[in-house]
Amino acid sequence: MKFKTRLRVTFISIIALPLLLTSLSFVVIGIYLMNVQQGVGLQDIDYTMMTENVREFTSNTDEAYFILLEQARMDSRKLEDKQYLEHINSEVSRRSTYLIVRKEDELYYAGDEKAAQLIFDKLPRFGEEILAEETGYYYSDMEKYVKKIDFRFSDGSEGSVFVITRLNSLISKHLLIDMFIAIAVILIFTSIMLTQWIRKGVFIPIDELNVAMRKIKEGNFDYALQTDAKGEIGDLYRNYEDMRLRLKESEEEKQENEKRNKELISNISHDLKTPITAIKGYVEGIMDGVADTPEKMDKYIKTVYNKANDMDKLINELTVYSGIDNNRIPYNFHRINVADYFGDCVEEVGLDLESRNIKLNYSNLVEPDTIVIADPEQMKKVINNIINNSVKYMNKRNGQIDIRILDEVDSIRVEIEDNGKGIAQKDLQKIFDRFYRTDSSRNSAQGGSGIGLSIVKKIIEDHGGYIWATGKEDEGACIHFVLRKYIELQYSRNGGRYE
């Protein structure tokens, strides 16, 4: 639930709930204090009586009493008329007063049948005297105030008219005390209920978020928060989860990079240490006079030169990779004709492969006008690195490298396949990792730094393509990469659009 909605509900509850419960308490307390069990039904309660005092009620009783008394003196036969009695009763009933008429020992008329049944047997007998005519009877057990008028019916029968008022409704003092207690209880209940509702809906989730943020601060990115809540709290939980997952991913990536950097330093140290050790050994041999003939001296110097070249190549590759990895080398993209570009590349590498007794086969299956967007220099690095890698691991006398250009509808696929020592299945997904070499001993006899294919992958991905490898051990390997074609839009005069 949104905070605005929660505030509206709280505001309405603070007003409506106490009013509703107070009204209900007023009714319940009133019914209880009016002794419903003594004959006053819920439908018979006149709630105006709860605020009037005894004097007002007795004056109403006296008023009805004097009217009936005067009527008895003037014409008592009128008191036999039930319509007249009903009229008088209707006038006083709204003030919790009703009439009873007794004929001999029988109930002749009752303004309230149910209440009359309870008090009828206790009413004073005909002719029973009282101290004064203004004084009435009070039944404390039933809290009834009664006044009596004796008369005779037209047939001579003894009759009495009773004006009865329910004094048990006059509860203003008790009502005020009980209502005060009830209102206090209602306000406490309302406060507790709203406090618990707000605590559960706002403060508990915020406390959970505080705990979660402390976990993040401590570097614990596995402390998850799940909720089905709507509104701002639900949004906070979901935003926390998004942040946590991103931070966790970033931390894992950071740890992976640190791990790779450690491996990088270790691998660089190893790959640099090998030629440096060899150079030192041969130089010491020269200094110690081990190369005591011109032939040995020439061999030692050439070896030192070759090792220095290996180091230079490694440093150059590291420089290139570092520049590409940090996006510091700008690409010069051009529209390149696939057939012309790869034809020139094959010519360049063909002579070198021929000198190494490696046969080169080339096939181009794309249309002559097929164009891609690429950096010619960087793509040349890709071709040379893949072919050099094939040459390094060629273990056959009749070596062979096949270059194929295939059409893939909206892209081209380049395949460079050799028949060398191949790649084990477990290494296929790793050969593009930097400094990864299939020989765990990192034997440098065959040359190579282990970053050539990682450079290739980076360049292809920066061109918007993707690369993968296939092959089997001792059967050769094949490197595949895909580049999107350049398709020039043609403007249609009829449709007024580019197609």
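This passage describes the packing of nonpolar side chains, an internal cavity and the aromatic contacts in a predicted model.

The largest nonpolar core comprises 42 residues, of which Ile387, Ile401, Ile412 and Phe481 touch the most other members. At least two residues of this core are supplied by each of the helices α8 (338-355), α9 (376-392) and α10 (452-462), and likewise by each of the strands β8 (371-374), β9 (399-407), β10 (411-418), β11 (466-472) and β12 (476-484). The largest share, seven residues, comes from α8. In soluble globular proteins, nonpolar side chains tend to be buried together.

The surroundings of Phe481 illustrate how this core is assembled. When neighbours within four places in sequence are left aside, Phe481 is in contact with Met379, Val382, Ile383, Ile386, Ile412, Arg413, Val414, Ile460, Tyr466 and Ile467. A second core, separate from the one described above, contains 18 residues, among them Leu69, Ile149, Phe151 and Val161.

Ile383, one of the contacts of Phe481, lies in helix α9 and is buried, its relative accessible area being 4%. With residues up to four places away in sequence not counted, Ile383 touches Phe342, Ile416 and Phe481. Although Ile383 and Phe342 are 41 residues apart along the chain, their C-alpha atoms are separated by 9.1 Å.

Helix α10 is largely enclosed by the rest of the structure, because eight of its eleven residues are buried. These buried residues are Gly452, Leu453, Ser454, Ile455, Val456, Lys458, Ile459 and Ile460, and Ile460 also appears among the contacts of Phe481. Just after α10, Gly464 adopts a positive phi of about 80 degrees.

The structure contains one cavity of 30 Å³ or more, and about 40 Å³ of space lies within the largest cavity. The lining of the largest cavity is formed by Ile336, Asn337, Val338, Tyr341, Phe342, Val372, Ala374, Met379 and Leu483. Two or more of these lining residues are given by each of β6 (334-337), α8 and β8, with α8 giving the most, namely three residues. Two of the lining residues, Phe342 and Met379, recur in the contacts described above, Phe342 being touched by Ile383 and Met379 by Phe481.

Aromatic side chains form seven pairs in the structure. In one of these, the rings of Tyr282 and Tyr300 have centres 4.9 Å apart and planes at 85 degrees, so the pair is edge-to-face. Because Tyr282 lies in helix α6 (residues 231-287) and Tyr300 in helix α7 (residues 294-325), the pair ties together parts that are 18 residues apart in sequence. Tyr282 counts as partly exposed, at 27% relative accessibility, whereas Tyr300 is buried, with a relative accessible area of 16%. A stacked arrangement is found for Tyr466 and Trp468, because their ring planes lie at 20 degrees, with centres 5.7 Å apart. Trp468 is partly exposed, at 29% relative accessibility, while Tyr466 is in contact with Phe481.

A further group of rings is accompanied by charged side chains. Ring pairs link Tyr108, Phe151 and Phe153 into a cluster, and Phe151 is also included in the second nonpolar core. The charged end of Lys82 sits over the ring of Tyr108, at 4.8 Å from its centre, and that of Lys103 sits over the ring of Phe153, at 5.0 Å from its centre.

How values were computed:
Residues are numbered from 1 along each chain as its sequence is written. This is a predicted model: local features need pLDDT of at least 70, side-chain atom pairs count only at pLDDT 80 or more; totals for chains, interfaces and linings use all residues. Side-chain values use heavy atoms; hydrogens and water are left out. Rings of Phe, Tyr and Trp (its six-membered ring) pair if their centres lie within 6.5 Å; planes under 30 degrees apart count as stacked, over 60 as edge-to-face and the rest as tilted. Helices (H or I, at least four residues) and strands (E, at least two) are DSSP runs, numbered from the N terminus. Buried means under 20% relative accessible area, exposed over 50%, partly exposed in between (1.4 Å probe, protein chains only). A charge sits over a ring if NZ of Lys or CZ of Arg is within 6 Å of the ring centre and within 35 degrees of the ring normal. A nonpolar core is a set of buried Ala, Val, Leu, Ile, Met, Phe, Trp, Tyr and Cys residues joined through side-chain atoms within 4.5 Å. Contact means heavy atoms within 4.5 Å. On a 1 Å grid over the protein atoms alone, a cavity is a set of points where a 1.4 Å probe fits but cannot get out, and a pocket is an open set with protein on both sides within 12 Å along at least five of seven lines; lining residues have an atom within 4 Å of a point. Grid points are joined across faces, edges and corners, and a volume is the space filled by probe spheres set on the points.
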